[in-house]
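Me: I am new to this structure, and I would like to understand how each description of it is justified. Could you take me through the reasoning step by step?

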Amino acid sequence: MTTGHFLFTGWTWGGASLPVGAGTLAWYLAMFGLHRRFAYFAGALGLALVTLMSPINALADGYLFSAHMLQHIILLLIVPALVLLSLPRSLSLALRPRLFGHPLVGWIAGVGAMWFWHAPALCNAAISSRPVHALQTVSLLVLGGVFWRQILAPRENERLSPPHAILYLFSACVTCSILGIIITFSPVTVCSIYAMPPVDRLDLLHTIRVGWGMTPERDQQIGGLLMWVPMCLIYLSAILAQIARWFAESGSPATEEI
Amino acid sequence: MSDLTALLARAGLSTPEQREHWTMKWISTVDHKRIGMLYLATALGFFVIGGIEALLIRLQLAVPNNHLLQPDTYNMVFTMHGTTMIFLVAMPALFGLANYIVPLQIGARDMAFPRLNAFSFWLVPFGGLLLHFSFLAGGAPAVGWFAYAPLSETPYSSQLGVDYWALALLVLGIGSVGTSINLIATVLTQRAAHMTLRRLPLFSWMIFVNSFLVILALPVLNAGLVMLLIDRLLGAHFFLPPGGGSAIMWQHIFWAFGHPEVYIVAIPAFGILSEVIPVFARKPIFGYEFVAGSTVAIAFLSLLVWAHHMFTVGLGHTVDLFFVASSMLIAIPTGVKVLAWSATMVGGRIRLDTPMLFCVAAVVQFLLAGLTGVSLAVAALDWQTKNSYYLVAHFHFVFVGLIVFAILGALHYWFPKMSGRMLSERLGKWTFWLMTIGFNLTFVIQHFLGLAGMPRRIYTYADLPGWGWMNLVSTVGAFLMAAASLLFVWNLVTSLLSGERAGDNPWKAWTLEWATTSPPPHENFQRLPPIRSRRPLWDDANPGRPDPMVGAKWKAETFAPEKNKTAVIAFIISETAFFAVLILAYLFYNATPQAGPGAQDLNLAKTGLFSLCLFASSFTLWRSEVSLNRGRQRAMRAWLAATILLGGVFLIGQGLEYGTLFRNGASVNVNLFATSFFTLTGFHGLHVCVGLIALLIVLGLTLAAGFKRRPSPALKAVALYWHFVDGVWLVVFSTIYLLPHLR
């Protein structure tokens with residue numbers, strides 16, 4: 001299959017993505033109606049569908065580790081953040097019991113989702129088994145939500161204060177970067193299925209290896225680098241947003257005198 | 001008691017006069033102002049040494065085919081020049097300024113930990129002595145300031161120079177981490193009431209942010225140095241490819257420290273510019289928030305992009321591509337700063353006194369340094385200009401053009417506060433013009449030399465077209481800079497003796513250090529003006545049109561945590577960086593199976609059992625804290641003793657494991673498994689020992705007197721450290737013992 005042909009036919013129309021997406025959309029509109037923040041939700045939904053249905057998904061499904069990593073980052077770090085931004089500002093996301101609302105839980109959810117799913121056995125299982133794959137997708141979205149809730153909860157009082165948020169984001173970034181560094185420079189293959197796909201479903205392997213020049217080593221390197229560099233830029237953007245929040249004036253003179 | 005008297009008599013300190021003598025006053029001082037000045041004096045002393053080395057380099061290169069210096073000597077001279085200027089001049093000078101100015105700017109009485117401060121300072125001269133002692137011990141290091149392996153390894157550098165280099169840098173690194181922990185604790189816990197974090201002067205803010213960079217980056221170097229020393233002294237092969245090691249690993253470790261290091265010395269310089277430029281432009285800084293925020297972005301990005309120092313190593317196009325893109329991003333926050341400084345000057349009533357002249361020159365020169373920096377971030381151009389004088393010119397524009405100029409600006413600016421006397425403005429202007437002309441003569445031309453193909457670190461060169469006169473111009477410039485430095489020292493000495501009296505606030509500046517006498521009294525402030533904005537002295541002088549109030553919006557702004565706890569957390573952050581390097585190294589070196597001893601020789605069950613003891617000790621220590629909070633001193637002591645016992649049992653277990661390995665012939669230099677295993681577990685064991693000593697001290701204290709404060713900050717701090725050591729073992733144990741079983 002040529003590249004052009006693949007870009008045209010590599011879309012995943014079947015599967016649960018579309019119905020679940022439609023259901024979520026209906027749920028959002030029923031709950032909150034059509035308001036200003038709907039744009040964020042539309043963005044999240046669109047991005048999630050593109051990630052799960054476009055050729056990226058076909059590549060991630062047994063061909064390219066780097067495509068999988070792109071999916072992983074979008075589903076864990078971008079989609080949940082956009083969903084949280086789309087919620088009305090009055091909505092409380094307090095978790096019961098209160099322990100679940102602890103920043104450490106959020107941090108472990110975000111960082112753990114990265115490390116956990118890249119243990120070689122689990123990484124392979126997520127490709128070869130449909131249910132595990134579905135579990136992975138859902139868990140990324142949920143854990144991403146738990147992670148970002150500390151930063152982007154609709155209610156101001158449920159968010160971390162900017163200095164703590166910066167520490168939270170920075171340490172999460174460093175911890176994920178370390179995994180990225182390991183993957184980039186590791187002489188060991190993280191997901192052996194990507195290095196040697198057992199079946200070439202789309203008859204694409206030749207195009208990828210020869211046409212695109214994506215050797216398994218380079219593929220894993222790009223995957224690691226995606227996690228090391230661009231992913232850190234997501235955290236950096238969030239940190240800059242926190243700095244902006246920190247320095248933004250309160251505006252109410254009543255609280256000014258201390 | 002009589003012992004003490006005898007001891008004092010022997011040290012010549014028996015009478016009060018002897019104890020009050022000025023040498024004793026300076027040697028034993030814990031006052032941040034004196035320590036700051038000691039730092040600055042030390043930096044000046046080493047600046048003379050490093051400067052003479054620079055002049056030797058330039059003399060050697062002044063004409064083609066010169067044989068003033070032997071090739072070996074030349075290598076030693078440029079290595080010592082680089083190492084001295086970065087570790088013994090730039091860092092101590094900036095730490096000295098931070099030490100002197102930050103407590104004053106935040107309205108504090110002293111640093112959070114005055115004794116730690118003195119300790120950190122004294123490591124600098126002694127580290128410097130250790131480095132320079134190598135001249136007497138068979139030759140200074142001759143491997144360049146980044147000491148690339150395998151050149152720095154025993155087979156290629158068999159003299160002791162590199163050992164002294166590594167040991168000295170370890171000493172200096174520990175001192176830098178100590179100072180930075182102290183600065184973090186000072187800014188967080190010692191601020192005057194109403195000096196909220198959002199009202200911090202930019203110099204203090206940048207030192208605060210920078211301190212985090214120091215505690216994250218320096219431990220990475222320390223870990224690398226430790227590994228290099230293990231290679232050299234114990235015959236291991238971390239960085240020696242013939243033994244299975246990786247020379248590139250050294251480059252990664254060095255630049256993971258080395259790139260942030262550039263910003264570690266640049267960010268305080270940015271802080272200086274952000275203080276001086278507004279004062280002499282008679283305008284508040286343009287975009288305080290952007291200058292402050294971009295500092296965080298710079299610090300963050302600097303940790304991320306070290307691989308751009310390694311484009312020519314052959315990491316592959318993929319890796320290069322990512323680091324080209326991310327390195328260029330740094331131009332954005334630095335550009336924001338340059339714009340903010342420029343916009344501050346636009347429309348201001350600029351007074352071109354010496355401090356301002358230096359700072360304006362620093363901005364201009366930094367702009368050029370940044371532009372060549374962006375060009376070097378392009379891997380293709382980097383390939384052509386790597387290790388040429390283009391690179392030399394680039395980083396000298398950063399280190400001299402920005403940092404030295406900013407430091408000189410800062411010294412001219414704050415000298416009146418430190419001494420109570422003004423520097424001579426006439427001599428200052430001479431210094432400035434000589435320095436600026438000399439600097440640009442020296443280094444502008446080196447860009448062209450580099451593009452003409454002259455490689456760095458060659459001790460002499462053939463008479464190629466253009467090279468001779470360009471090098472001569474560069475050498476003439478270097479001597480102009482030397483003349484400027486001499487003039488500056490002359491200015492310092494004469495002004496100290498007979499300078500004009502400065503008064504409290506000679507520059508009509510607005511931050512708190514100018515609200516006290518010059519020099520400030522021992523306790524810094526008699527009274528503080530009200531603090532409600534970022535320029536309290538402006539508000540004080542202009543009650544009719546004060547700055548808009550900077551509100552306190554966040555609890556975290558006014559929040560003053562307990563200082564012991566803050567310092568221990570900062571220490572834990574730096575230790576995490578240290579262990580992260582060792583753990584990553586372990587993973588890297590054991591990724592592929594190797595001949596000889598391996599993870600299969602370890603006793604999982606036995607060590608697992610002893611590990612449980614260590615984990616249990618965290619529980620007992622927690623119970624000890626709870627007992628103290630409930631006022632049960634005896635239970636507290638019992639739990640504390642149990643903790644110590646469990647820690648001791650763990651160490652015995654480690655000893656048994658080591659014994660078995662030794663009996664099976666697995667000593668540290670056998671293969672990379674053994675080396676990395678003993679390095680990682682050995683350093684963990686060392687930390688357990690330190691924790692045990694701290695716990696024993698706490699136990700001794702409670703047995704002697706008991707804690708009056710509940711909860712006790714001392715116990716809390718030691719407990720945090722102990723939990724951290726246990727946490728590290730959890731990761732180390734999983735990495736070494738459990739991971740091989742998961743494969």
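Reply: Let us begin with a term: a residue is called buried if 20 or more other C-beta atoms lie within 10 Å of its own. What you see is a predicted model, and in it 31 of the 35 residues of helix α9(B) are buried, so this helix is described as mostly covered.

Me: What makes the length of α9(B) agree with what is expected of a helix?

Reply: The expected span is 1.5 Å times one less than the number of residues. Helix α9 of chain B, residues 247–281, has 35 residues, for which 51 Å is expected, and from its first C-alpha to its last it reaches 50 Å, so the span is close to the expected one.

Me: Where does α9(B) bend, and what comes just after this helix?

Reply: The bend is at W255(B) and amounts to about 30 degrees, which is the angle between axes fitted to the seven residues ending there and the seven starting there. Just after the helix, R282(B) takes a positive phi of about 55 degrees.

Me: How is chain B divided into domains?

Reply: Chain B has domain 1 (1–29), domain 2 (31–558) and domain 3 (564–742). Taken over C-alpha atoms, the centres of domain 1 and domain 3 of chain B are separated by 40 Å.

Me: Turning to chain A, why does its radius of gyration agree with that of a compact globule?

Reply: The globule rule is 2.2 Å times the number of residues to the power 0.38, and for the 258 residues of chain A this gives a radius near 18 Å; chain A has 20 Å, and therefore the two are said to agree. Along the principal axes, the C-alpha atoms of chain A fill a box of roughly 70 × 40 × 35 Å, and 40% of the residues of this chain count as buried.

Me: Which elements make up chain A?

Reply: Chain A has 13 helices and 0 strands.

Me: How do you know that chain A and chain B touch, and what is the side of chain A that touches chain B like?

Reply: Two residues are in contact if their C-beta atoms, placed from the backbone, lie within 7 Å, and by that test 27 residues of chain A are in contact with 26 residues of chain B. Two or more residues each come from α9, α12 and α13 of chain A, with α9(A) giving the largest share, 7 residues. By class, this side of chain A has 17 nonpolar, 7 polar and 3 charged residues.

Conventions:
Residues are numbered from 1 along each chain as its sequence is written. Chains are lettered from A and ligands numbered from 1 in the order in which they are written. This is a predicted model: local features need pLDDT of at least 70, side-chain atom pairs count only at pLDDT 80 or more; totals for chains, interfaces and linings use all residues. Helices (H or I, at least four residues) and strands (E, at least two) are DSSP runs, numbered from the N terminus. Ala, Val, Leu, Ile, Met, Phe, Trp, Tyr, Cys and Pro count as nonpolar, Asp, Glu, Lys and Arg as charged, and the others, Gly among them, as polar. Domain bounds come from an automatic or database domain assignment. A residue is buried if 20 or more other C-beta atoms lie within 10 Å of its own, exposed if 12 or fewer, and partly exposed in between; C-beta atoms are placed from the backbone.
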